[in-house]
Each structure stands twice: as C-alpha cells, then as structure tokens.
Amino acid sequence: MKRAALLLLLVPGLVVASSNDKIVISATPQPVEVVPLPCFPSGKLTLGMTNTGRKATIADMRVNADSALTLSRHQFSSYLPVDQLVKAPLDITVPRGTAPATHTVDLTVGREHLSVPVTIQPVPVRDNLLLGEQAVASSTNGNMRLCGGVDGNADSAQWGASGWHDNTKGVFPDTYGVDFITPTTVGRVVLQTLDSTTYPAAVMGIRDFDVQVRVGSTWTTVGEIRGNVLGKVTVSFEPRAADAVQLVIRDSNDHGYSRIVELQAFGN
C-alpha cells in the first residue's frame, strides 16, 4: 500500500493494477526449446504485458516453473502505459543430461494466466567441439556474457549482443576456453576476434595469443600467433586427446581488451 500511494503521488493519473485491470500476457516463441548444454543458444523467451485498460498502471507478473527448469527471473514488474506492449527477457536452462520432455513456464498477472510449453531437446551432434559448452575465463566484462564466445554467433556486427571480452583493461595475459567433461580429440582451433567496419581487427582485434591444450593438470602450447590483424585465424596442430582447450591472449591491437566473437575447436 505504501508503494502504491507513493507512485500515485509521483505520477498523476497512475493506478496500481488490481484484479479489475485488464493486462494481456504474451510470450514468444511458443513452444520454447531448450538444449541441455550450459552455453547453448536456446531457452530464450520474451515475456510481454499489455495494458488494455483506460489508465496507466503498474503490474507484477509472477514467473514459475517446476524444478526441472532453472529460470533467470521469477518476477517481471513494470509501469504499463495504455495499449503498449512492455517486454522483458527470460532465460531458461536445464542441467546437462536432462532427458527430452515437455514442461511449462507459468505466467500470472492478477487473474490472468498463461502456460508456455518448454521442450527439452536432445543434445545435437556438433562438429564444433566448443559450441554450447561451459566457457572458462580469467575475467569477464560486466557488459558481456561468459558464454558469448561459444554460443555459435560469429557475427562481429552483433558484438553487443554476443561475444566476450575480459574485465582487465590493459592487463595481459587473459585466458578464455572450455573444460571438456570427458577427454576430447582436438586438432584445430579457430578464433574469430572483433572485426567489423566500425571496429576492424587491425585496430580492435586480438594481436598476440597462444593456443593451449590441457591433459590432466599440464598445459601444452600447440600454436603461437603474433602480430595478427585478421578477424579469423585458424591454428592447426597434431590431433590429441585433451581435457581442456584455451587461448592465452598476450596483447590486442589497441592494447586494451581481449575481444572474442567466437572460439571454435575441431577434431582435425
């Protein structure tokens, strides 16, 4: 009640949503598909609320699911102008090894309710050994996602939405890679660093780096690149079973951050 009274004083004509307000709930896509890998680009739902009443209002959406699903949020609260769709993202993940099945995410605002089907998909066969696997980094900038460098998006034009860079400006080396859950044969690593019309690799990309693989607790350098000005660099080496693969980034062309759009690894 105190919150409602304060908002009414601050915003003339504002009312607080009650069971008499008409809030239309939406969610896209339906069904939403989730792959049981920690960094796979799936399980993304866009929640929506539209106020079809006569006055602006504030509404709280409750977001619930059964224990099989992990949700990035359990509430979506917003000021709602009349007849305007207000949206918020929801990420849905499941543990590795979760069996294919269909679950639901339940959205509730007052008396309005929507159940969104969530389909757990089998893990796909992947040539890229890093796609969707759990990334490991020395640090991650707060504006980026740790998973951004292994989420399958290699488009530098979408750098703001997908990609990775460290959180230690001007301090090197930085590391980024993946720990495998079982030994995996690796013989080729492909780095796609930031390279766009606005931010060319020769200015903003990774300049000097080593490719390393780990067996047990021992890291071995299998490739060294120095003075790079290209957006895409391939490093091939004798295939070997490894427990992990990583880049050790020693400098960037602006001497600031290590920027990875996508990191890939293949068996040969």
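## Disulfide

Cysteine 39 and cysteine 147 are joined by a disulfide, with an S to S distance of 2.0 Å. The model is a predicted one, and the count of disulfides in it comes to one. The link between cysteine 39 and cysteine 147 is left-handed, with -60° about the S-S bond. It connects distant parts of the chain, 108 residues apart. Cysteine 39 sits in the loop between β3 (32–34) and β4 (44–51), while cysteine 147 sits in the loop between β11 (135–137) and β12 (164–165).

Both ends of the link count as buried: cysteine 39 has a relative accessible area of 4%, and cysteine 147 has a relative accessibility of 14%.

## Aromatic contacts

The count of aromatic pairs comes to one. Its members are tryptophan 164 and tyrosine 176, in a tilted arrangement with 4.7 Å from centre to centre and 40° between the planes. Tryptophan 164 belongs to strand β12 and tyrosine 176 to strand β13 (residues 174–193), so the pair ties together parts that are 12 residues apart in sequence. Tryptophan 164 is buried, at 0% relative accessibility; tyrosine 176 is likewise buried, at 0%.

A charged side chain also lies over an aromatic ring: arginine 214 is placed over the face of tryptophan 219, 5.6 Å from the ring centre.

## Salt bridge between strands

There are 10 salt bridges in the structure. One of them pairs lysine 44 with aspartate 91, whose closest N and O atoms are 3.6 Å apart. Because lysine 44 lies in strand β4 and aspartate 91 in strand β8 (residues 85–93), this pair ties together parts that are 47 residues apart in sequence. Lysine 44 is partly exposed, with a relative accessible area of 45%, and aspartate 91 is also partly exposed, at 35% relative accessibility.

## Salt-bridge network

Arg96, Arg126 and Glu133 are linked in a network of salt bridges. In one contact, arginine 96 meets glutamate 133 at 2.7 Å, N to O. Arginine 96 is in the loop between β8 and β9 (101–109) and glutamate 133 in the loop between β10 (112–120) and β11, so the contact ties together parts that are 37 residues apart in sequence. Glutamate 133 also forms a salt bridge with arginine 126, at 3.2 Å, N to O.

The accessibility of the network residues is as follows. Glutamate 133 is buried, with a relative accessible area of 7%. Arginine 96 is partly exposed at 36% relative accessibility, and arginine 126 is partly exposed with a relative accessible area of 23%.

Definitions and conventions
Residues numbered from 1 in each chain as written. Predicted model: local features only at pLDDT ≥ 70, side-chain atom pairs only at ≥ 80, totals over all residues. Heavy atoms only, no water. Disulfide = S-S within 2.5 Å. Helix = DSSP H or I, 4+ residues; strand = E, 2+ residues; numbered from the N terminus. Buried < 20%, exposed > 50% of the residue type's maximum accessible area, 1.4 Å probe, protein only. Phe/Tyr/Trp six-rings, centres within 6.5 Å; stacked < 30°, edge-to-face > 60°. Lys NZ or Arg CZ within 6 Å of the ring centre and 35° of its normal. Salt bridge = Lys/Arg side-chain N within 4 Å of Asp/Glu carboxyl O.
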